[in-house]
Amino acid sequence: MKYKAVIFDLDGVICHTDRYHYQAWKQIADELGVYFDEKINNRLRGISRMESLEIILENYHGDMNQEEKTSLAEKKNEIYKELLKHMSPEDLSKEVKETLDALRLKGLKLAIGSSSKNAGFILERLGLSGYFDAISDGNNITKSKPDPEVFIKAAGFLSEDPENCLVIEDAKAGLEAAKAGNMDCGAIGAGISCNIATYVLNTFSDLLDIVEP
């Protein structure tokens, strides 16, 4: 086996909650009278909530202190969590679940490496609560991607050296974080166009050919 563990970003890899993020940020932007569209939303991939807010505020013509920013970010998250309640195990594709099960049968350790503070809640909605061997997310890191902290901690939780871990990502910031953490990485979805990954996954199940050529 080429790797001992696989660390997955959550949103855009295991599941897709982009539309919920967009709807929540759009509500905040509308309240501020700030223009917000899908193109701007794409800039928010893989980065923290506060960093996302700063991007949205680029079009805000007013003054806002840190306390007000924190309050806005928390409000966005509450809107987002309400929207996430619509998720269910039906939002987990059959291909993803079957691939994860196949990886586990091969003896690989599986972890989540996500900047989101809602990873546990999302996994619960998908029916994957307790499924992964480790979860490294926005609740245990101080630096967001492209800093490698989230993946380094995931490897530590798994008791594996970084070079034995493969990261699967759909965002440039995440792929850069994997590289910075001395980990090979596979790009899927929007991450493919970055041209910086070790491997390209045209479909999630391509992962099986990578871990055991």
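Me: What makes the pairing of the N77 and N118 side chains a polar contact in this predicted model?
Reply: The two side chains come to 2.7 Å of each other. A polar contact needs an N or O pair within 3.5 Å, with one atom able to donate a hydrogen and the other to accept it, so this pair counts.

Me: Where does N77 lie, and which residues does N77 touch, leaving out those up to four places away in sequence?
Reply: N77 is part of helix α4, residues 66–84. Its contacts are R49 and N118, not counting residues up to four places away in sequence.

Me: Why is N77 called buried?
Reply: Its relative accessibility is 8%. Buried means under 20%, so N77 earns the word.

Me: How do you know that E149 is buried too?
Reply: E149, in helix α7 (residues 149–157), has 13% relative accessibility, which is under the 20% cut-off, so E149 counts as buried.

Me: Which backbone nitrogens lie 2.9 Å and 2.7 Å from a polar atom of the E149 side chain?
Reply: The nitrogen of T142 is the one at 2.9 Å, and that of K143 is at 2.7 Å.

Me: Why is C194 called partly exposed, and C165 buried?
Reply: C194 has 23% relative accessibility, between the 20% and 50% limits, so it is partly exposed. C165 has 0%, under 20%, so C165 is buried.

Me: How do you know that C165 forms no disulfide?
Reply: Its closest cysteine sulfur, in C185, is 13 Å away. A disulfide needs sulfurs within 2.5 Å, so this is too far for a bond. For C194, the closest is also in C185, at 9.8 Å, again too far. The search of the whole structure finds 0 disulfides.

Definitions and conventions
Residues numbered from 1 in each chain as written. Predicted model: local features only at pLDDT ≥ 70, side-chain atom pairs only at ≥ 80, totals over all residues. Heavy atoms only, no water. Buried < 20%, exposed > 50% of the residue type's maximum accessible area, 1.4 Å probe, protein only. Helix = DSSP H or I, 4+ residues; strand = E, 2+ residues; numbered from the N terminus. Contact = heavy atoms within 4.5 Å.
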